[in-house]
Amino acid sequence: MPVEARSSDTRRWQTGYGFRLLVTDAAVITSAVFVGQSIRFGTGPFDPGVNQSQTLASALLALLWLAALSIFQSRSPKLLGVGLEEYRRVINATFWLFGVVAIASLALKFEPSRAYLAFTLTGGTVGLLLARWF
């Protein structure tokens, strides 16, 4: 097989894998955020009578988390399936985001539930790492 064909196959595989990883990351993060909301507040995002601001905050947190993973290049084709750097970037992006949330909540005098953030952080981080490992 010519070198050009092999590099094209590699790029196609990396692109496909990166997209599947993005979908998996979105599913894990969405699940973690809404399970954290359900555990802490006793209501899921679609329950009747749910506080819409909690669901909106959960959705915003999920989007920010996906953005942080992209900013930290956790799905970079150079890193996919190659050692611990991919896992390190996931952890760094996650803790960076939750640090920013903590600082912003202090600055804005907005008190998100610590239990909600703890459930979400723990479940989401473990879920993201396990999804990449599998």
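**Helix packing and a loop in a four-helix chain**

I'll start in a loop. Gln73 sits in the loop between H2 and H3. This is a predicted model, so please take everything I say as computed from that prediction. Gln73 is not a glycine, yet it has a positive phi of about 50°. As background, most residues other than glycine have a negative phi. As for the side chain's surroundings, Gln73 counts as partly exposed, at 47% relative accessibility.

Another residue in the loop between H2 and H3 is Leu79. Is Leu79 buried or exposed? Its relative accessibility is 11%, so Leu79 counts as buried. If we set aside neighbours within four places in sequence, Leu79 is in contact with Gln73, Glu85, Glu86 and Arg89. So Gln73, the residue with the positive phi, is one of the contacts of Leu79. For Arg89, I also have a backbone distance: its C-alpha atom is 9.7 Å from that of Leu79, and the two residues are ten apart along the chain.

Now the overall layout. The protein chain has four helices and zero strands, and along the sequence that reads α-α-α-α. The chain has 134 residues, of which 34% are buried. Taking contacts between residues at least 6 apart in sequence, 70% join residues at least 24 apart.

I'll go through three helix pairs, beginning with H2 and H3. The axes of H2 and H3 come within 9 Å and cross at roughly 135°. At that angle H2 and H3 are oblique to each other, and their crossing is right-handed. On the H2 side the contact is made by Leu61, Leu64, Trp65, Ala68 and Leu69. On the H3 side the residues are Val90, Ala93, Thr94, Trp96, Leu97, Phe98 and Val101.

Next, H3 and H4. Helix H4 covers residues 114-133, and its axis comes within 10 Å of the axis of H3, with a crossing angle of roughly 165°. That makes H3 roughly antiparallel to H4, since the cut-off for that label is over 145 degrees. The crossing of H3 and H4 is again described as right-handed. From H3, the residues involved include Glu86, Tyr87, Val90, Ile91 and Phe95. They meet a set in H4 that includes Leu117, Leu121, Leu128, Arg132 and Trp133.

The third pair is H2 and H4. How far apart are their axes? The axes are 13 Å apart, and the helices pack at an angle of about 40°. H2 and H4 are therefore oblique to each other, and this crossing is right-handed as well. H2 contributes Ser58, Leu61, Trp65 and Leu69 to the contact. H4 contributes Tyr116, Leu117, Thr120, Leu121, Gly124, Thr125 and Leu128.

One residue to pick out here is Leu61, in helix H2. Leu61 is listed in the contact of H2 with H3, and also in the contact of H2 with H4. Leu61 is buried, with a relative accessible area of 7%. Leaving out neighbours within four places in sequence, its contacts are Val33, Leu97, Phe98, Val101, Tyr116, Leu117 and Thr120. The C-alpha atoms of Leu61 and Leu97 are separated by 8.9 Å, although these residues are 36 apart along the chain.

Now the aromatics. How many aromatic pairs are there? The count comes to three aromatic pairs. I'll describe one of them, Phe72 with Trp96: the ring centres are 5.7 Å apart and the planes are at 55°, so the pair is tilted. Edge-to-face would need over 60 degrees. Phe72 lies in the loop between helix H2 (52-71) and helix H3 (85-107), whereas Trp96 is in helix H3, so the pair ties together parts that are 24 residues apart in sequence. Both rings belong to residues that count as partly exposed: Phe72 is at 26% relative accessibility, and Trp96 is at 42%. Trp96 is also among the H3 residues that contact H2.

Last item, further along H3. Ser105 lies in helix H3 and is buried, with a relative accessible area of 10%. What lies 2.8 Å from a polar atom of the Ser105 side chain? That is the backbone oxygen of Ala102.

That's what I have for today.

Key. Residues are numbered from 1 along each chain as its sequence is written. This is a predicted model: local features need pLDDT of at least 70, side-chain atom pairs count only at pLDDT 80 or more; totals for chains, interfaces and linings use all residues. Side-chain values use heavy atoms; hydrogens and water are left out. Rings of Phe, Tyr and Trp (its six-membered ring) pair if their centres lie within 6.5 Å; planes under 30 degrees apart count as stacked, over 60 as edge-to-face and the rest as tilted. Helices (H or I, at least four residues) and strands (E, at least two) are DSSP runs, numbered from the N terminus. Buried means under 20% relative accessible area, exposed over 50%, partly exposed in between (1.4 Å probe, protein chains only). A polar contact is a pair of N or O atoms within 3.5 Å; within protein, one must be able to donate a hydrogen and the other to accept it, and residues adjacent in sequence count only if both atoms are side-chain atoms. Axes are lines fitted to C-alpha atoms, for helices over the stretch in contact, and angles run from 0 to 180 degrees between N-to-C directions. Angles under 35 degrees count as roughly parallel, over 145 as roughly antiparallel, 65 to 115 as roughly perpendicular and the rest as oblique. A crossing is left-handed if the near helix is turned anticlockwise from the far one by less than a right angle, and right-handed if clockwise. Contact means heavy atoms within 4.5 Å.
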